[in-house]
Amino acid sequence: MGEELSLADVMEKNPIEQVGEQWLAAAATLLHQQGDAEAALTATDVIAVDLSLWNSGDFEPDGYRAFFTVEPHLVAQFTENVVRRIEDGMHAVMPKRTAICIESIHVCPVVPVPSADWRKQLRSANGPKPTNQARRVRLEPEHPIEDQLHFTNEWEHKLYRVLKERQASLPYNETIGIIPLPGMRVLGYTREPDFLITYKGRAGVIEVDGPHHEGPRRASNDHSRTNLLMNAGVEWVDRIDVRDVTKAEAEKFVDNFIARLARR
């Protein structure tokens with residue numbers, strides 16, 4: 001595995017329009033190290049960073065507009081104050097020898113890809129509606145659905161089936177509640193845990209990790225999100241990478257999670 005390049009090296013080797021992700025990553029990491037967890041974690045919700053040259057002069061740094069693409073329901077958390085702090089972080093990590101700056105940051109929602117029968121879908125009683133369940137699921141009809149519950153990917157769906165089997169095996173008066181993709185407000189943020197599980201008067205969260213959870217920066221952000229959930233009263237938070245686990249291993253994970261949640 002090659003050595004990680006510094007932001008200065010990345011900017012030296014690539015056109016500025018192609019380094020938005022690395023620039024934002026460095027800024028978010030600095031903000032987190034400086035104690036601004038709100039701005040750092042908000043930055044992790046940016047799906048893509050596009051940079052566009054806005055002005056260029058002989059005596060002033062080249063000015064760029066940054067366009068952040070985010071999920072539509074997350075746009076509101078990019079307040080003017082938070083965006084300004086992210087912008088300050090991007091300027092703070094900019095290599096001194098690089099004569100560029102951010103003129104402005106624009107937060108843009110992901111444009112949904114509608115299905116061919118989008119008119120019928122939107123007009124129907126079963127069409128997409130604002131809800132605290134599956135708010136991340138877009139208009140495409142391919143996402144998994146079972147028991148009138150929505151899942152963003154096949155991994156979440158597979159774990160749901162394991163949880164449902166475990167639910168059915170427990171006594172009817174001492175079973176678990178399974179809540180996929182709930183909208184949850186914690187201090188300063190709106191979060192969407194993959195699964196909220198209730199059992200014996202306690203609540204726990206299971207996060208299903210996939211390719212988007214790789215890398216040390218993401219691991220640090222996951223740890224911060226875990227702390228936010230537990231500070232808000234969630235008893236236990238655990239993570240499973242279901243890409244490479246067997247059904248038996250997933251069942252063992254669920255059993256251990258429920259046992260941990262039941263401890264008093």
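# A guided tour of the predicted model

Begin by selecting α8, which lies across β9 (195-199), β10 and β11 and runs at about 175° to β11; helices (H or I, at least four residues) and strands (E, at least two) are DSSP runs, numbered from the N terminus. Angles such as this one lie from 0 to 180 degrees between N-to-C directions, and the axes are lines fitted to C-alpha atoms, for helices over the stretch in contact, where contact means heavy atoms within 4.5 Å.

This is a predicted model, in which local features need pLDDT of at least 70 and side-chain atom pairs count only at pLDDT 80 or more, while totals for chains, interfaces and linings use all residues. Residues are numbered from 1 along each chain as its sequence is written, and side-chain values use heavy atoms, with hydrogens and water left out.

**The whole chain**

Before selecting anything else, show the whole protein chain, which has eight helices and eleven strands. Of its 264 residues, 42% are buried, where buried means under 20% relative accessible area, exposed means over 50%, and partly exposed is in between (1.4 Å probe, protein chains only). Among contacts in the chain with a separation of 6 or more, 60% are between residues 24 or more positions apart.

**The four-stranded sheet**

Next select the open sheet beneath α8, whose four strands come in the order β6-β9-β10-β11 with mixed pairing; two strands pair if DSSP finds at least two bridges between them. Its edge strands are β6 (177-180) and β11, each of which pairs on one side only. Colour β10 (residues 202-209) and β11 together, and you have two strands that pair in the parallel sense over six bridges. One residue to pick out here is E207, whose bridge partner in β11 is R239.

Stay on β11 and select D241, which is in this strand and counts as partly exposed at 29% relative accessibility. Although D241 and D209 are 32 residues apart along the chain, their C-alpha atoms are separated by 4.6 Å.

Where does the chain go after β11 (236-241)? It enters the loop that leads to α8 (247-262), and R243 is in that loop. R243 is partly exposed, with a relative accessible area of 30%, and its C-alpha atom is 7.0 Å from that of W155, a residue 88 positions away along the chain.

**Two residues with positive phi**

Most residues other than glycine have a negative phi. Keep that in mind while you select L181, in the loop between β6 and β7 (184-186), because its phi is a positive value near 50° in a residue other than glycine. Is L181 buried or exposed? L181 is buried, with a relative accessible area of 1%.

Then move to D147, which lies in the loop between β4 (145-146) and β5 (149-150). D147 is not a glycine either, yet it has a positive phi of about 55°, and with a relative accessible area of 44% it is partly exposed.

**The three-stranded sheet and its helices**

Now select the other open sheet on this tour, in which three strands follow the order β1-β2-β3 and the pairing is mixed. β1 and β3 stand at the edges with a single partner strand each, so one side of each is left without a neighbour in the sheet. β2 and β3 pair in the parallel sense over nine bridges, and D62 has I100 as its bridge partner in β3.

Add α2, which packs on this sheet and touches β1, β2 and β3, its direction making about 105° with that of β1. Add α4 as well, which also packs on the sheet, touching β2 and β3, at about 140° to the direction of β3. The buried residues of α4 are V82, V83, R85, I86, E87, G89, M90 and V93, while those buried in α2 include W23 and L24.

**The nonpolar cores**

Which residues have the most contacts inside the largest nonpolar core? They are W23, L24, F68, I86 and M90, in a core of 25 residues; such a core is a set of buried Ala, Val, Leu, Ile, Met, Phe, Trp, Tyr and Cys residues joined through side-chain atoms within 4.5 Å. At least two residues of this core come from each of α2 (20-33), α3 (37-43), β1 (48-55), β2 (62-70), α4 and β3 (100-109).

Finish by selecting F68, which, leaving aside its neighbours within four places in sequence, is in contact with residues including L24, V46, F78, I86, M90 and I105. A second, separate core has 22 residues, among them L159, V162, I176 and I258.
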